[in-house]
Amino acid sequence: MLTIAVQRSGRLSEKTLQLFHECGIQFENGGKEKLMTKASNFPMTILFLRDDDIPGCIADQSADAGVVGENVYLEKSDALELVERLGFARCRLSIAIPKSMSYQSLNDLNGLKIATSYPRILQKFLDKNNLQAEIHEINGSVEIAPGIGLADVIFDIVSTGSTLISNGLHEVEKVLNSEAVIIARPNMEKEKKQILERLLFRARAVRKGTRNKYILLNSPNDKIEEITKILPGMKSPTVMPLAMPGWSSLHSVIQEDDFWEIIESLKKLGAEGILVVPIEKMIQ
Ligand code: PRT
Ligand code: ZN
């Protein structure tokens with residue numbers, strides 16, 4: 001049995017449970033209402049906790065693994081193992097200063113008071129850059145600290161940046177990119193490790209599926225070679241003759257990131273009837 005700790009309620013909760021659902025893992029009573037729930041078709045128990053408590057719970061062996069923001073992992077316990085990046089809850093940790101303050105370089109941070117909920121990550125950044133600043137740790141509402149005279153600048157999570165703007169601040173240094181990650185206890189027992197590997201195998205297939213699209217198109221036969229070059233596929237595209245002479249149907253897989261550029265090139269080469277469909281899971 002693998003015990004995995006998940007945020008009870010917050011930015012990570014829904015997406016984490018959705019990922020488990022897409023991995024085919026079902027829970028009694030839909031989970032979440034309780035503090036703990038057992039999967040009915042997979043050897044896994046979920047503990048619902050505050051995200052900040054998850055690394056500690058893994059370290060003291062109440063849980064074997066957990067899902068947290070990379071920021072929480074680095075702040076609370078980088079002694080645990082980061083086993084998988086999950087691609088959601090993306091944000092960055094940045095230094096932001098009041099609009100009225102002048103700023104030329106990192107050296108301008110020397111001697112300042114910086115408010116943050118992430119003192120450990122900040123201290124490492126200051127040390128790496130040979131900077132001396134005073135860290136003032138506060139939990140929550142960090143962005144109001146300069147306005148009420150608690151600190152000169154802040155170091156906090158930024159996503160869209162609108163919270164900074166509405167507090168008269170602007171971002172001057174990005175220190176870290178963060179996303180949701182699965183963390184685990186190193187030296188886990190063999191049986192638990194195997195269950196975690198099964199979970200990771202499924203999670204990777206789900207993520208790969210969402211990042212890729214299945215594409216079908218009709219191509220004049222004399223263009224198949226050129227079109228094949230821009231449609232890499234899992235091995236190479238499937239080519240099937242159409243009933244109409246001189247034409248074939250090509251099937252392949254393309255990445256979401258390259259999507260529009262590939263479609264434009266295909267059209268230029270004479271492809272017609274292009275269909276793009278989502279992939280639920282992708283196993284290579
Ligand atoms: O109750 P619990 O302790 O479990 O939850 P929490 O309140 O500590 O965490 P939660 O749910 O807010 O965030 C969980 C994780 O989501 C964080 O640790 C980050 O890894 C990640 N994440 C992604 C974010 C954001 N985006 C984000 N925007 N966490 C917080 N924010 C905050 C940010 O601090 C800012 O004040 O949202 C505000 C708005 O951001 P802007 O830039 O979009 O305005
Ligand atoms: Zn928290």
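Which helices and strand each supply at least two residues of the lining of the largest pocket? Hi everyone, let me answer that one straight away. They are helix 3, residues 70-76, strand 9, residues 153-158, and helix 5, residues 162-166. Please keep in mind that this is a predicted model.

Let me start with the layout of the chain. It is divided into domain 1, which covers 2-88 plus 180-188, domain 2, which covers 91-178, and domain 3, which covers 212-278. If you look at domain 2 and domain 3, their C-alpha centres lie 48 Å apart.

Now, back to the largest pocket. Where does it lie? Residues from domain 1 and from domain 2 both contribute to its lining, so the largest pocket lies between those two domains. The space inside amounts to about 990 Å³. There are 35 lining residues, and the ones closest to the centre of this pocket are Arg11, Asn71, Tyr118, Asp156 and Ile157. Helix 3 is the element that gives the most to the lining, with four residues. For those of you who think in terms of chemistry, the lining splits by class into 15 polar, 10 charged and 10 nonpolar residues.

Next, ligand 1. How many residues surround it? The count is 23, and the closest are Arg11, Arg50, Asn71, Thr160 and Thr163. You may recognise two of those names, Arg11 and Asn71, from the list of residues closest to the centre of the largest pocket.

Let's zoom in on some polar contacts. The side chain of Thr163 has an N or O atom 2.5 Å from an oxygen atom of ligand 1. For Arg50, an N or O atom in the side chain is 2.7 Å from a ligand 1 oxygen. Asp52 joins in too, with a polar side-chain atom 2.8 Å from an oxygen atom of the ligand. As for how covered the ligand is, on its own it has 840 Å² of accessible area, and the protein covers 79% of that.

Before I stop, a quick look at the second largest pocket, with about 240 Å³ of space. Helix 1, residues 13-22, and helix 6, residues 190-211, each supply at least two of its lining residues. Among the lining residues are Lys15, Gln18, Leu19 and Glu22, along with Val206, Arg207, Thr210 and Arg211. Leu86, Gly87 and Phe88 also line this second pocket. By class, its lining has four charged, four nonpolar and three polar residues.

That's my tour, thanks for listening!

Notes: Residues are numbered from 1 along each chain as its sequence is written. Chains are lettered from A and ligands numbered from 1 in the order in which they are written. This is a predicted model: local features need pLDDT of at least 70, side-chain atom pairs count only at pLDDT 80 or more; totals for chains, interfaces and linings use all residues. Side-chain values use heavy atoms; hydrogens and water are left out. On a 1 Å grid over the protein atoms alone, a cavity is a set of points where a 1.4 Å probe fits but cannot get out, and a pocket is an open set with protein on both sides within 12 Å along at least five of seven lines; lining residues have an atom within 4 Å of a point. Grid points are joined across faces, edges and corners, and a volume is the space filled by probe spheres set on the points. Ala, Val, Leu, Ile, Met, Phe, Trp, Tyr, Cys and Pro count as nonpolar, Asp, Glu, Lys and Arg as charged, and the others, Gly among them, as polar. Domain bounds come from an automatic or database domain assignment. A residue is near a molecule or strand if one of its heavy atoms lies within 4 Å of it. A polar contact is a pair of N or O atoms within 3.5 Å; within protein, one must be able to donate a hydrogen and the other to accept it, and residues adjacent in sequence count only if both atoms are side-chain atoms. Accessible areas come from the Shrake-Rupley method with a 1.4 Å probe; for residues, only the protein chains shown count as cover.
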